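Biologist: I'd like to walk through this one with you, a question at a time. Could you bring it up so we can both look?

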Amino acid sequence: MTRLVYIARFFTAVPAVPPLTTSTFTVMTVIAIVVIVIDPSHAAGALTPILLLQLFGSASGFDVHARRGHYDLLLTRGISRRRIVLAHWAASALPGAISWLIVASVSEVAAAGREPSLFTAGSACALILVSTIPWAITTRLPRFSGAIGWLLILATVAVVATPPSAIRIHGSVNTWDSWVTAALAALVYPPLLVGSGLEGRDALVMLPGLTVSLLTLAFAVWSIDRRDIPLEAAQ
Amino acid sequence: MPVLVSVRNATARYGRREVFRDLSFDLRVAQSLGVLGPNGAGKTTLLRMLIGCISPVTGEIRIGGFRPRDAVVRSGIAYFAGGTTLPPSVRASAWGTLGNGEEVLPDRRRIRALSQGLKQLLGLRTALSRNPLQLIVLDEPWEGLDSESARWLNATLELKRDRGAAVIVSSHRVHDLAGFCDEYLFLLPHEATLLKAHEIARVGPVTPALLTDTFDRLREHARVLDSSETA
């Protein structure tokens with residue numbers, strides 16, 4: 001318990017997400033709340049910018065900071081490396097997760113059951129995707145690399161094929177082909193899942209994305225746990 | 001006194017570049033070791049190996065019988081590698097509370113705004129404020145410190161050592177380490193030599209002049225070895 005408290009204290013003093021990104025989350029959350037209060041039917045659209053910003057928030061990069069010695073105090077504090085890495089992921093995802101929670105709660109109150117809830121498996125899945133994959137990709141790279149790479153893929157797919165945002169997921173899983181298309185679209189553009197009450201076969205659309213995010217998270221934790229952290233200046 | 005740190009035939013390498021080879025030494029509880037060497041000799045790499053951040057390519061390191069990665073989880077180890085390793089955007093006062101919870105430097109400025117000496121002092125005070133400590137590993141700790149802060153550092157290290165902590169400090173300047181350590185490890189290309197204080201100074205403390213003389217002799221020996229290997 002004491003060690004968990006220390007990790008929390010450390011990442012409060014040394015935030016994984018830069019203050020500017022956290023401020024942007026605050027602004028986006030306020031804007032989303034205003035949009036939802038004016039018209040609750042736009043809740044899913046209001047949440048989309050927060051999910052896109054979460055791509056950048058969670059792509060915080062571990063190695064670059066560790067190799068500069070910023071985490072030395074934490075690494076020698078009697079806490080296992082695996083716990084530190086998982087705490088870094090949690091600290092990277094926290095601002096976006098809080099924004100999501102606030103916006104979804106406001107939407108729930110504002111819509112009063114008249115509009116689809118944002119507290120759905122699809123919305124949670126979208127949040128998990130944008131919180132894990134960019135973090136895992138960026139562990140060895142400079143900050144934001146995973147998010148920039150993701151946006152490049154998104155832009156490329158939108159130019160050479162159908163824009164993922166145009167693909168309908170709800171009620172689309174009738175054939176193998178439609179499942180593959182919908183699953184890939186959800187993986188490339190997670191905001192598609194927001195607000196979708198994915199039930200029955202539709203829920204299978206989330207499966208590849210969740211599998212990829214869990215695998216990348218596990219691999220990143222395993223990989224950081226095993227590798228050396230030399231100081232940049234000493235090599 | 002029991003052995004706390006045991007290094008056996010440790011070799012460090014970055015890619016194809018070998019930093020040091022077959023390094024062996026022991027350090028006992030409540031003893032201090034000074035690591036001396038020119039820039040690029042592997043001082044920082046060795047110290048990072050001791051805290052489990054780098055694994056030796058060959059050989060093994062044990063701290064209290066455990067691998068360094070396990071030892072940092074079980075024992076109290078303080079490590080600091082200089083002011084440049086502090087995150088620049090963090091406030092000094094916030095960083096200072098990460099040692100034992102108390103503010104070690106009541107300064108609201110961000111670390112990037114501090115002078116080199118203040119950064120060094122902040123990092124040292126934070127790392128050393130933790131209790132109890134079994135092992136203290138400091139990389140060039142006197143760098144940038146004024147005489148008053150240097151005196152504080154020496155007194156703190158001596159106090160911690162008297163309370164049972166083993167101390168390992170590195171420096172490329174002999175006068176920082178002279179008289180302070182029980183043993184001296186000279187890290188040079190192709191050669192690492194461990195000498196006890198009484199082997200350097202038969203009578204009295206190790207003075208900067210004696211340490212410089214020993215260091216120069218070993219450096220010359222290493223140069224001869226290096227040129228004969230090249231030939």
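Biologist: Is Phe144(A) buried, exposed or partly exposed?

Modeller: Keep in mind that this is a predicted model. Phe144(A) sits in the loop between helix H7 (121–138) and helix H8 (145–160) of chain A, and has a positive phi of about 75° although it is not a glycine. Being buried takes 20 or more other C-beta atoms within 10 Å, and exposed means 12 or fewer. Phe144(A) has 19 within 10 Å, so it counts as partly exposed.

Biologist: And Ala30(B), which isn't a glycine either: what is its phi?

Modeller: Ala30(B) is found in the loop between strand S2 (17–28) and S3 of chain B. It has 17 C-beta neighbours inside 10 Å, so it is partly exposed as well. Its phi is positive, at about 65°.

Biologist: Staying with loops, which residue does a cis peptide bond join to Asn131(B)?

Modeller: Look in the loop between H4 and S6 of chain B. The omega there is about -10°, and the partner of Asn131(B) is Pro132(B).

Biologist: Over to the sheet in chain B: which strands are at its edges?

Modeller: The sheet is open, with 6 strands in mixed pairing, ordered S5-S6-S7-S3-S8-S9. An edge strand pairs on one side only, and that picks out strand S5 (77–80) and strand S9 (191–196) of chain B.

Biologist: What is the bridge partner of Tyr79(B) in S6(B)?

Modeller: S5(B) pairs with strand S6 (residues 135–139) of chain B in the parallel sense, over 4 bridges. Follow Tyr79(B) across to S6(B) and you land on Val137(B).

Biologist: At what angle to S6(B) does helix H1 of chain B run?

Modeller: Helix H1 (residues 43–50) lies across S3, S6, S7 and S8 of chain B. Helix H5 (residues 147–162) of chain B lies across S3, S6 and S7, at about 150° to S7(B). For H1(B) against S6(B), the angle is about 155°.

Biologist: How far apart are the C-alpha centres of the two domains of chain B?

Modeller: Domain 1 covers 3–76 + 132–230 and domain 2 covers 89–130. Their contact takes 10 residues from domain 1 and 7 residues from domain 2. On the domain 1 side, those residues split into 4 nonpolar, 4 polar and 2 charged. The centres lie 25 Å apart.

Biologist: Where chain B touches chain A, which element gives the largest share of the chain B side?

Modeller: That contact takes 22 residues from chain B and 21 from chain A. By class, the chain B side has 15 nonpolar, 6 polar and 1 charged. H1, H2, S5, H3 and H4 of chain B each give two or more residues. The largest share, 3 residues, comes from H1(B).

Biologist: Last one, in chain A: are H3(A) and H6(A) roughly parallel or roughly antiparallel?

Modeller: The axes of helix H3 (residues 43–58) and helix H6 (residues 81–111) of chain A come within 8 Å and cross at roughly 175°. Residues that meet include Leu47(A) and Ile50(A) from H3(A), and Trp100(A) and Val103(A) from H6(A). The contact has 10 nonpolar, 7 polar and no charged residues. Angles over 145 degrees count as roughly antiparallel, so H3(A) and H6(A) are roughly antiparallel.

Note on methods. Residues numbered from 1 in each chain as written. Chains lettered and ligands numbered in written order. Predicted model: local features only at pLDDT ≥ 70, side-chain atom pairs only at ≥ 80, totals over all residues. Pairing = 2+ DSSP bridges. Contact = placed C-beta atoms within 7 Å. Axes fitted to C-alpha atoms, helices over the stretch in contact; angles between N-to-C directions. Domains from an automatic or database assignment. Nonpolar A, V, L, I, M, F, W, Y, C, P; charged D, E, K, R; others polar. Parallel < 35°, antiparallel > 145°, perpendicular 65-115°, else oblique.
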